Amino acid sequence: MAAYGNTGDPLRPDNPTRHPTLGYHKIRGLGAPLRMMLYAKKQNFRHVAYGTDCNQKWFKEDKELLKKKNSCANLPYLVDGGLVVSQSNTCALYLGRRLGIDDGMSGTYQTYNHTVLDQTYDLRNDLMKVVYPFGSTKTKADFEAAAKKHFERNVKTHFTKLEGFCIGPFMTGVKPRSGDFVLWEMLDQHIILARALDLDDWLGECPKLATLHSTMRALPELADYFAAPCYAEWSHNSPAYTHFTGHGDMDQGGTVEEDLVFPRE
Ligand SMILES: N[C@@H](CCC(=O)N[C@@H](CS)C(=O)NCC(=O)O)C(=O)O
């Protein structure tokens, strides 16, 4: 079913730039670490962020085009030439290789990095049951109690595991790897959520994770990313459904399509 190989960009057959495209909802969510990686490496890219017109623009239009190349097409996705990549952790590993972020890791460290991605995904899945009404947290009235329980149980468990797994200052040592970008987003969302609800974020118990978060936040190569609307202004979760956007009630607005071209040093 999959049409592997470099057979032309399905979204933009006449794409003259050869820049990869990153597509995701117009929220932070699973797309944020991938944006961070592209910004960190000053990789020019076409940024597609589906907004309130997502049903038309993603489900009826772009998804149908991408499915012809990759039946697993989903949000987030990357299109790089004729290659369509989906599943957020696969996208992170793809960019890790494509951008050199994961270069030079031995097989052992690649395996550790993969563990970081999967452990972080377990944390993310637990968080989703709290911030969206699709699980047991049906209403906004249930949200605060559910979040408190989430920090006391899930966050404590996942952070403790990750703290024990962290070499420092980043998860597998001196350089931030793909797993660090994905973990950073989850740490940051939890810090902001804890602050909003006046809860303990557990980072006091996890000094290595706290250092990882603050070290990455201070990296000069990420300054543009932290100033960009996709980090500073967009909702953590889909505003139409979530109990927590990170910015109060907000209007997501329509789809954004932009070519991000970074100045060359
Ligand atoms: N396990 C997948 C989950 C992907 C997923 O659930 N994507 C959601 C947004 S977070 C979506 O709206 N997908 C669009 C679709 O189903 O076409 C991943 O990590 O990428």
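Two salt bridges cross the interface of domain 1 and domain 2 in this predicted model. In one salt bridge, the side chains of Arg28 and Asp188 meet at 2.8 Å, N to O. Polar contacts also span the interface of domain 1 and domain 2. Nine residue pairs are found in such contact, both residues of each pair at pLDDT 80 or more.

Three elements each give two or more residues to the side of domain 1 that touches domain 2. These elements are α1 (32-40), α3 (88-98) and α8 (223-227). By residue class, that side of domain 1 divides into 16 nonpolar, ten polar and two charged residues.

The domain assignment places residues 21-100 and 222-260 in domain 1. Domain 2 covers residues 107-219. The contact draws 28 residues from domain 1 and 31 residues from domain 2. The centres of the two domains, taken over C-alpha atoms, are separated by 20 Å.

The size of an interface is often given as the accessible area lost when the parts come together. Between them, domain 1 and domain 2 bury about 2,500 Å². Carbon and sulfur atoms account for 63% of that buried area. On the domain 1 side, Asn89, His243 and Phe244 supply 28% of the area buried against domain 2. No other three residues of domain 1 supply more of that area.

Terms used:
Residues numbered from 1 in each chain as written. Predicted model: local features only at pLDDT ≥ 70, side-chain atom pairs only at ≥ 80, totals over all residues. Heavy atoms only, no water. Domains from an automatic or database assignment. Contact = heavy atoms within 4.5 Å. Buried area = accessible area lost by both parts, 1.4 Å probe. Salt bridge = Lys/Arg side-chain N within 4 Å of Asp/Glu carboxyl O. Polar contact = N/O pair within 3.5 Å; in protein donor to acceptor, adjacent residues only side chain to side chain. Helix = DSSP H or I, 4+ residues; strand = E, 2+ residues; numbered from the N terminus. Nonpolar A, V, L, I, M, F, W, Y, C, P; charged D, E, K, R; others polar.
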